[in-house]
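Visitor: Please pick one part of this model and give me a close look at it, then show me how the rest is put together around it.

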Amino acid sequence: MGIAMVLFDKLARRNMLIRNGRLTMDDVDLEALADRFGTPLYVYSESHLWRNVRQLHDAFHYEHVPADLFFPLRASSNLALLQAIGRTGIGVEVGSMGELKKALTAGFSGERILLAGADRPPELLSYALERGVRAISTDSLSEIETLSTLGTRMTRPADILLEVDPVLSFPNHRPPTPYYLKSGIDRHDLLSFAEQTLTYPSIRIRGLHVQVGTYRWKPETLRQAGEIALELLEQLRTRLGVDGDVLFLGGELPLPVQELDLPSSDEAAAVELDQDLLAARTLAGLLTQYDRPLRFVLSPGERLIANAGLLLTTVRQVKSKSIRDEEGNVTDIVRWLIVDAGLNILPQWPGEPSDRVALSVTRAERTHDVPFKIGGPLYDHRDYFRDGAQGSEYYLLPGNTRPGDRLAFLDTGAYVLEYMSEANSFPRAGAAMIRTSGQVQLIRHHDTFRQLVDCDVFPGKYRKEPRPHHQVDL
């Protein structure tokens with residue numbers, strides 16, 4: 001039984017179908033797309049991205065939760081993707097001068113931008129205030145002093161959120177002690193910190209920023225962090241007279257179900273919506289514990305864009321290697337596929353399993369039941385994908401997979417364009433977007449050799465003087 005029979009319904013909720021034996025997304029032949037633009041190639045569905053935003057909005061509306069979504073540019077700062085996100089009406093979270101300028105270039109007004117991050121130098125704070133960003137998250141008195149000085153020149157105070165470390169236990173992470181978490185005010189020091197902040201003119205504390213987790217937190221973690229934050233907001237109000245009305249709960253939302261083994265697309269969609277409703281109900285429960293006006297701010301990157309994108313790769317080599325016991329007897333055969341995208345193109349985060357799904361684009365109608373390991377092109381033994389079927393290092397693919405076949409890694413749209421590297425001087429991947437109109441647009445070129453060497457300084461280079469190392473042309 002092939003993919004077309006087993007996974008047809010499940011692929012449909014990703015706007016993917018099998019046509020003429022090949023895999024399509026939004027009615028676009030992915031094999032033809034690989035031929036047209038080359039691989040490795042990220043492909044995004046604008047309609048699926050919009051659907052993700054709509055589902056979250058519907059969940060919050062259903063539970064009567066006042067919440068604003070701010071897409072974090074660390075998940076993707078590609079300008080075409082940002083413009084598509086901007087058309088949904090949500091905001092963006094930025095953490096650097098480059099991200100702020102990209103957001104403005106993509107058409108976001110200052111009111112739709114939150115500034116967070118680990119370091120906000122004076123020039124970034126000044127630029128952010130000039131552009132009227134909605135709020136600035138900070139955990140540093142030196143930054144607050146800078147904002148106060150800058151704010152005296154503005155027509156309104158600088159609106160800030162105090163970033164607090166709630167000291168929670170995150171799954172799949174080391175214990176979140178101050179030794180490991182570089183950002184956030186210790187929650188036990190918040191009142192003292194806020195009291196010092198109030199001594200600076202032209203500063204207005206609008207609320208708190210609590211980073212719930214750096215990965216896929218669970219509703220219980222959200223509830224625990226929210227309760228701590230509400231208690232801190234109440235202490236700020238009763239002891240210092242700070243009536244904050246914004247609670248920024250940073251971190252990823254629970255992801256839709258990624259496993260492709262549910263009985264039907266209707267059930268898959270229901271489970272996906274239930275994940276959003278579960279988060280919304282958790283927030284609604286928090287509101288019942290707080291008798292003051294409050295608006296939540298959330299910054300889901302992976303939830304909004306991961307399953308709206310996939311990675312197309314080309315199989316370069318097919319290999320078999322024997323596993324032998326101490327007597328030299330063959331105990332197993334490991335089948336290897338070497339593809340043109342490795343960890344330089346599709347990063348893998350330590351300690352954070354993702355259970356990636358790889359499907360054959362070329363032989364989509366064939367049975368996917370033969371286990372393969374998949375490695376990349378880097379001359380590094382660590383360059384292979386470990387997040388295969390059912391927590392193993394194997395991916396189930398057609399047994400007759402050949403060099404030249406195309407594979408698709410599903411749900412890979414988040415963070416990848418930002419974290420690609422030029423390891424072994426392989427060019428970084430290109431990216432395309434399938435618009436709601438059905439047109440396909442190249443939104444990122446593959447790197448060229450000129451780009452690989454553009455920042456190197458050597459005699460006779462383009463007959464130009466070297467730029468200062470800190471200069472950034474944006």
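Guide: Gladly! Contact here means heavy atoms within 4.5 Å, while helices (H or I, at least four residues) and strands (E, at least two) are DSSP runs, numbered from the N terminus. The model is predicted, so local features need pLDDT of at least 70 and side-chain atom pairs count only at pLDDT 80 or more, whereas totals for chains, interfaces and linings use all residues. Residues are numbered from 1 along each chain as its sequence is written, and side-chain values use heavy atoms, with hydrogens and water left out.

Let us take helix 7, residues 122-130. Its buried residues (under 20% relative accessible area, with exposed over 50% and partly exposed in between, using a 1.4 Å probe and protein chains only) are Leu124, Leu125, Ser126, Tyr127, Ala128 and Leu129. Their cover includes helix 6 (97-105) and helix 8 (141-151), together with strand 7 (113-115), strand 8 (135-138) and strand 9 (158-165). Tyr127 has a further partner: the charged end of Lys101 sits over the Tyr127 ring, 5.3 Å from its centre. For that label, NZ of Lys or CZ of Arg must be within 6 Å of the ring centre and within 35 degrees of the ring normal. Lys373 sits over the ring of Tyr394 in the same sense, with its charged end 5.6 Å from the centre. Just after helix 7, Gly132 adopts a positive phi of about 70°.

Helix 4 (residues 46-62) also has a positive phi just after it, about 55° at His64. Helix 4 has 17 residues and spans 24 Å from first C-alpha to last, close to the 24 Å expected, taken as 1.5 Å times one less than the number of residues. Its buried residues include Glu46, His48, Arg51 and Asn52 as well as Leu49, Val53 and Phe60.

Now for the wider setting. The protein has 14 helices and 21 strands, and 52% of its 474 residues count as buried. Contacts with a separation of 6 or more come to 71% from residues 24 or more positions apart.

A nonpolar core is a set of buried Ala, Val, Leu, Ile, Met, Phe, Trp, Tyr and Cys residues joined through side-chain atoms within 4.5 Å. The largest one has 102 residues, and Tyr42, Tyr44, Leu162 and Ile374 have the most contacts inside it. Helix 10 (residues 219-240) gives the most to this core, eight residues. A second, separate core of 22 residues includes Leu310, Ala364, Ala408 and Ile434.

Aromatic rings of Phe, Tyr and Trp (its six-membered ring) pair if their centres lie within 6.5 Å; planes under 30 degrees apart are stacked, over 60 edge-to-face, and the rest tilted. By this rule there are three pairs. The centres of Trp336 and Tyr384 are 5.7 Å apart and their planes stand at 80°, so this pair is edge-to-face. Trp336 belongs to strand 15 (residues 330-339) and Tyr384 to the loop between strand 17 (370-375) and strand 18 (395-397), so the pair ties together parts 48 residues apart in sequence. Tyr395 and Phe409 are edge-to-face too, 6.0 Å centre to centre with 80° between the planes. That pair links strand 18 with strand 19 (residues 406-409), its residues lying 14 apart. Tyr395 is buried at 1% relative accessible area, and Phe409 at 0%. Ring pairs join Phe385 to Tyr395 and Phe409 in a cluster.
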